[in-house]
Amino acid sequence: MKRRTFLAGLAAVPVAGCGLSSPTSSNSAATGQVTGEITFQTWSLKPKYTDYVSGVIDAFQKQHQGTTVKWVDQPADGYLAKVMADASAGSLPDVINVPPDLSFPLAKAGQLVNLDEALKEAKPEYLANAWQAFEIPGKGGCYGFPWYLNTGPIFYNKALFKDAGLDPEKPPTTFKELETQALRLAQSKKIAMLGQTPSIADFGLYGVKVFENDKFTFNEPKGVEFVESYKRMYDAGALIPEALTQNYTGAGTKFMAQQTALNPGSAYDLDKFKTDAPSLYANIGITKPITNTGSANMFLHGMSVPKSSKNQATALAFGRFATNAENQVKFAKLASIFPSTSKGGDDPYFTTEDGTDQARVRVAAAKQLTTAVNYTPVQFSDQMREALLQQLADAMLGKKSPKQALDDAVNECNRLLK
């Protein structure tokens, strides 16, 4: 999954370079009175979640008499451009819905309130790994209330595994096992295991040091080793050629058509399989994410408060209220996502199975989120993603060695970073 497509209605709008300056005027103190009007901006939540968000706003206004929360929902298309334009003009809403990689350039430019300073007491209310995801790496300071999270299982086709002589009850759990089984599947049944090239998060899952000392480092030996593995799989037919195309989105369709044997997903995919691909659903296998580190990947969104807000006290109070355990659990049950609060995962909905596959996936995912990692560096932009994909394609096609391809990708990413 892309970083921001795990909630229905959201679309990925990755971060590009931007020129922002820190606000020059002082703002109202975060310790001020909770009153007055604020504007809350979300990312493509209407109309599906209108009732939920309206209910949160009503409850906040009832708890804090004299407050008014104006809700503005922006469409997915153009969200990045809208946020950056508002930031440049000093007219950001009082509370904005952002993922870590969109909060990063704003925080780095001094545009966002540091929650570690303004609301230090709130930190224990959230999962430590979720709070950390909104920090500026190496500099500290949290710049967003963690909101909703997701991680997912790996789905695989038991029938295709069995036909290839693989044990359908022992899917790969590490990348070494993935290559071994993928090569066997391709050689015996001419079926590809994989429908997509690795993302930067996959490098992290492999155990590669992706970013260190303010620069990208995924061309280290372990990174080269990872790409060499994918090259062997590609040459054997275990990775479909279409995956090398920029912005390819057909991996899920290939899996549902049973033209690939394995695909990452999330809990709500099961209903789609049951409805749109019943023959696949009858043979669906569900397993943990493939990782060499022992920790799964985590996707998340949050809420940030800009320093330009003229009503920081109310904005901070609303951000904390909207992301508290009670409100997050309600949202999670509606949207097949997970709460980022330290107590939200204790709800029986996330700890108790009812015999269904959906519940099994949900409980397993909730458990792995406590140790999951946001492997995608907040500095990693869409331009960098495109550069990496192009270099990976060149490596798969033999136009460059895996080492040269990664060196070129890292050089370009570090150039873009500057």
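Where is the place of Thr 217? In this predicted model, Thr 217 belongs to the loop that lies between strand 9 (215-216) and helix 9. With a relative accessibility of 14%, Thr 217 counts as buried, because the cut-off for that class is under 20%. When residues up to four places away in sequence are left aside, Thr 217 touches Lys 209, Val 210, Phe 211 and Glu 212. Asn 292, which is 75 residues away along the chain, has its C-alpha atom 18 Å from that of Thr 217.

The neighbouring residue Phe 218 belongs to the largest nonpolar core, a set of 52 residues in which Met 193, Leu 194, Phe 203, Phe 218, Leu 262, Leu 388 and Met 396 have the most contacts. Two or more residues are given to this core by each of strand 7 (154-157), helix 6 (158-163), helix 7, helix 8 (200-206), helix 9, helix 17 (382-396) and helix 18 (402-417). Again leaving out residues up to four places away in sequence, Phe 218 touches Ile 200, Phe 203, Val 208, Lys 209, Val 210, Gly 223, Leu 388, Leu 406, Ala 409, Val 410 and Cys 413. Another core lies apart from this one and comprises 48 residues, among them Phe 60, Val 95, Ala 133 and Ala 317.

Two of the helices that contribute to the largest core, helix 7 and helix 9, also pack against each other. The axes of helix 7 (residues 175-189) and helix 9 (residues 221-236) are 9 Å apart and enclose an angle of about 10 degrees. Helix 7 is therefore roughly parallel to helix 9, since angles under 35 degrees are classed in this way. From helix 7, the residues Phe 175, Leu 178, Glu 179, Ala 182, Leu 183 and Ala 186 take part in the contact, and they meet Phe 226, Ser 229, Arg 232, Met 233 and Ala 236 of helix 9. Sorted by class, this contact of helix 7 with helix 9 consists of 8 nonpolar, 1 polar and 2 charged residues.

Strand 7, which also gives residues to the largest core, is part of an open sheet of 3 strands, arranged in the order 10-7-11 with antiparallel pairing. Strand 10 (262-264) and strand 11 (284-287) form the edges of this sheet, each of them pairing on one side only, and the twist from one strand to the next averages 25 degrees. Strand 7 and strand 11 run antiparallel and are joined by 4 bridges, with Ile 154 standing opposite Thr 287 of strand 11. Although strand 11 is an edge strand, both of its faces are covered: Ile 284 and Ile 286 are buried on one side, and Gly 285 and Thr 287 are buried on the other.

A second open sheet contains 6 strands in the order 2-1-3-12-6-13, and its pairing is mixed. Its edges are formed by strand 2 (67-74) and strand 13 (338-339), each of which pairs on one side only. Helix 3 (residues 100-108) packs on this sheet and touches strand 1 (36-43), strand 3 and strand 12, while its direction makes about 130 degrees with that of strand 3.

Within this sheet, strand 12 (residues 299-304) stands between strand 3 and strand 6 in the order given. Strand 3 (residues 95-98) pairs with strand 12 in the antiparallel sense over 3 bridges, and the bridge partner of Val 98 is Gly 302. Strand 6 (residues 145-150) likewise pairs with strand 12 in the antiparallel sense, here over 4 bridges; Leu 149 stands opposite Leu 300, and Phe 145 has Met 303 as its bridge partner. Strand 12 is mostly covered, with 6 of its 6 residues buried. The buried residues are divided between its two faces, with Phe 299, His 301 and Met 303 on one side and Leu 300, Gly 302 and Ser 304 on the other. In a regular strand, side chains alternate between the two faces of the sheet.

In contrast to these buried positions, an exposed residue is found in helix 4 (residues 115-118), where Glu 117 lies. The relative accessibility of Glu 117 is 67%, and Glu 117 is therefore counted as exposed, the cut-off for that class being over 50%. Between Glu 117 and Glu 386, which are 269 residues apart in sequence, the distance from C-alpha to C-alpha is 36 Å.

Methods. Residues are numbered from 1 along each chain as its sequence is written. This is a predicted model: local features need pLDDT of at least 70, side-chain atom pairs count only at pLDDT 80 or more; totals for chains, interfaces and linings use all residues. Side-chain values use heavy atoms; hydrogens and water are left out. Axes are lines fitted to C-alpha atoms, for helices over the stretch in contact, and angles run from 0 to 180 degrees between N-to-C directions. Angles under 35 degrees count as roughly parallel, over 145 as roughly antiparallel, 65 to 115 as roughly perpendicular and the rest as oblique. Contact means heavy atoms within 4.5 Å. Ala, Val, Leu, Ile, Met, Phe, Trp, Tyr, Cys and Pro count as nonpolar, Asp, Glu, Lys and Arg as charged, and the others, Gly among them, as polar. A nonpolar core is a set of buried Ala, Val, Leu, Ile, Met, Phe, Trp, Tyr and Cys residues joined through side-chain atoms within 4.5 Å. Buried means under 20% relative accessible area, exposed over 50%, partly exposed in between (1.4 Å probe, protein chains only). Two strands pair if DSSP finds at least two bridges between them.
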